[in-house]
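Me: Got a model open here and I'd like to talk through how its strands and helices sit together. Can you take a look with me?

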Amino acid sequence: MKSFLQDVNLGLGKKNKKLSSKWFYDFHGSKIFEQITRLKEYYPTRTEIKILKDNKIEIAKRIGKSAVLIEPGAGDIKKIGIFLSSLDEPKKYIPLDISEDYITKISKGFRKKYPKVAITPKGYDFSKNNKLPFKINSSENVTIFFPGSTIGNFDSKDAVKFLKKLKSKFKAKKIIVGVDLIKDIPTLISAYNDKKGITAKFNKNILKRINTELGGDINLNYYKHLAIYNKSKKRIEMRLKSIKKNNIKINGSKYLIKKNEEIHTENSHKYTVKSFKKLANQAGWKIGKTWVDDKKLFSVHCLDLSS
Ligand SMILES: C[S@@+](CC[C@H](N)C(=O)[O-])C[C@H]1O[C@@H](n2cnc3c(N)ncnc32)[C@H](O)[C@@H]1O
């Protein structure tokens, strides 16, 4: 937990306070995210699932034979199952997630369903430059599956770096990536600020973790969940706004949080098909194919190596 503490101290020590969205996800946070995916307001999951289902045969053809599938930030691993049975003799499936207990537990049932595929879940933080927790043979047909618009959590510079890393370090030959599209602002905002308050609970899970794992004394009732659309940066920003002045102590460090001060906890960048193509090209990938739903809410792209 050293890196969690370091990150929290660094983020809360800044003038514009921020915490990385990766810390939402412990076992409990991953379960809350599962609930979010089922919300009426949260269109990305059901839309992406429909795109994957409608195009599973073509997706499988594009991936090709003997695939080694790696899914960074795999979460509840529900989406890979949509096209796994359509693939030609897939060899391995490696779901990776920062939420290690969760991915390990959730993969157990999956193994029974696909006995012919070697399924090896691993805890792994893809935002760092850590050694991969598995061996890769560069002659293998490595395909990265990166759904859920997790790419949107990076700013564009880091997204390019990440896509480059998938080529250089993961030896990927193809990437199937889900990307949320720019759309009307009310639809975007309500997806991140649902009526039942599930996303608010998810946002506050970061504070809860600070208390339970780092010995913090934050009063969660002093913080309000905010989701705003930053038009110029084309992203939803989630923040926690303090409703009153309060002091917090975390493992020996003290912070004064002013009334109305905000802690920025997540960015979720939105793209057009064109702007995502530009980003992929910058990272050395070309778009082999793009699938979009009828309402133009969400996109799935197959990226191929450009050289
Ligand atoms: C937006 S959710 C998407 C989950 C799933 N892929 C889907 O499509 O529904 C992001 C997932 O990435 C994981 N995650 C976030 N940051 C991560 C990081 N730095 N390293 C590894 N996993 C991370 C989370 O635990 C979560 O499962």
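Reply: Sure. One term up front: contact means heavy atoms within 4.5 Å. This is a predicted model, where local features need pLDDT of at least 70, side-chain atom pairs count only at pLDDT 80 or more, and totals for chains, interfaces and linings use all residues. Residues are numbered from 1 along each chain as its sequence is written, and side-chain values use heavy atoms, with hydrogens and water left out.

Me: What lies across strand 7, strand 8 and strand 11?

Reply: Helix 9, residues 198-214, and it runs at about 65° to strand 8. Axes are lines fitted to C-alpha atoms, for helices over the stretch in contact, and angles run from 0 to 180 degrees between N-to-C directions. Helices (H or I, at least four residues) and strands (E, at least two) are DSSP runs, numbered from the N terminus.

Me: And what order does the open sheet have?

Reply: 7-8-11, three strands with antiparallel pairing; strands pair if DSSP finds at least two bridges between them. Strand 7 (223-230) and strand 11 (262-269) are at the edges with a single partner strand each, so one side of each has no neighbour in the sheet.

Me: How many bridges join strand 7 to strand 8?

Reply: Eight, with strand 8 covering residues 235-242. H225, for instance, has L240 in strand 8 as its bridge partner.

Me: Switching topic: which residue takes a positive phi in the hairpin of strand 9 and strand 10?

Reply: N251, near 50°, in a hairpin with two residues between the strands. Five bridges join these antiparallel strands.
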